[in-house]
Amino acid sequence: MDLELDGLEVTFDHTAVAAPRIRDLLPIYGDLLGGRHLGGGGDNRVSGYRTLQLTYANGGKVELMEPLAGSSFFDSFFELTRGRGGVHHLNFHVNDLDAAVARLTARGFRLHGLNRADARWQEVFLHPKEAHGVLIQLAQPGFRDVNEPRPSLEEVLAGHGRNGNGIPSA
């Protein structure tokens, strides 16, 4: 679904679900609902989480997330969800992150987590207080080499995905 933000192209991409263990999410989002891992995923060592995506017959995607060992990244989220986890954020792709930030700021929206450090993935978040309790991620994906290896589900869970820390998921 394509939307517009003052003329800027916006496309819904995925819903992210976080839990203490990705393995606890797989029976629901994979087995029961039919999500398939098409390869890819890995660790964000700076923030402290592991992620992978499942895709569905209609092209929809769900991102599964878990904290890395010793990470406090999801602490407040798990506190709010009484340790169970749940929907963490909605992701929308934009074709120009700088323009999106300028337009949202001009409208008075509070943004946080602006990250332009990785040319492959630049992002900013619209605070949940601005979006009726939902964390909205706006991201501008960059170039990805189609020949880059895409780790299997087993490799990601073993800690050998992109930027993997080598420590298996619990």
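In the predicted model, Arg82 is exposed, with a relative accessible area of 72%. The residue lies in the loop that runs between helix H2 (75–80) and strand E6 (86–94), and its backbone adopts a positive phi of about 55° although Arg82 is not a glycine. Most residues other than glycine have a negative phi. A second case is provided by His132, which likewise is not a glycine but has a positive phi of about 55°. His132 is placed in the loop between strand E8 (121–126) and strand E9 (136–141), and because its relative accessibility is 82%, a value over the 50% cut-off, His132 counts as exposed.

Turning to the interior, the largest nonpolar core comprises 14 residues, of which Val94, Leu97, Ile136 and Leu138 touch the most other members. Strand E2 (8–18), strand E6, helix H3 (97–106), strand E8 and strand E9 each supply at least two residues of this core, and helix H3 gives the most to it, with five residues. For Leu97, when residues up to four places away in sequence are not counted, the contacts are with Leu114, Gln122, Glu123, Val124, Leu138 and Gln140. A second core, separate from the one just described, consists of 13 residues, among them Leu26, Leu52, Val62 and Leu157.

Aromatic contacts were also examined, and a search of the whole structure finds seven aromatic pairs. In one of these, the rings of Phe74 and Phe77 have their centres 6.3 Å apart and their planes at 55°, so the pair is classed as tilted; both Phe74 and Phe77 are buried. Phe74 also pairs with Phe78, and here the ring centres are 5.5 Å apart and the planes stand at 35°, so that this pair, too, is tilted, with both Phe74 and Phe78 buried. Phe74, Phe77 and Phe78 belong, together with Tyr49 and Phe73, to one aromatic cluster.

At the surface, Ile28, Leu32 and Leu33 make a nonpolar patch of about 310 Å². Of these residues, Ile28 is found in helix H1, which spans residues 22–32, and Ile28 is partly exposed, with a relative accessible area of 40%. This value falls between the limits of 20% and 50%, and therefore Ile28 is counted neither as buried nor as exposed.

Notes: Residues are numbered from 1 along each chain as its sequence is written. This is a predicted model: local features need pLDDT of at least 70, side-chain atom pairs count only at pLDDT 80 or more; totals for chains, interfaces and linings use all residues. Side-chain values use heavy atoms; hydrogens and water are left out. Helices (H or I, at least four residues) and strands (E, at least two) are DSSP runs, numbered from the N terminus. Buried means under 20% relative accessible area, exposed over 50%, partly exposed in between (1.4 Å probe, protein chains only). A nonpolar core is a set of buried Ala, Val, Leu, Ile, Met, Phe, Trp, Tyr and Cys residues joined through side-chain atoms within 4.5 Å. Contact means heavy atoms within 4.5 Å. Patches are made of residues with over 30% relative accessible area and no salt bridge: like charges are joined within 9 Å, nonpolar side chains (Val, Leu, Ile, Met, Phe, Trp, Tyr) within 5 Å. Accessible areas come from the Shrake-Rupley method with a 1.4 Å probe; for residues, only the protein chains shown count as cover. A salt bridge is a side-chain nitrogen of Lys or Arg within 4 Å of a carboxyl oxygen of Asp or Glu. Rings of Phe, Tyr and Trp (its six-membered ring) pair if their centres lie within 6.5 Å; planes under 30 degrees apart count as stacked, over 60 as edge-to-face and the rest as tilted.
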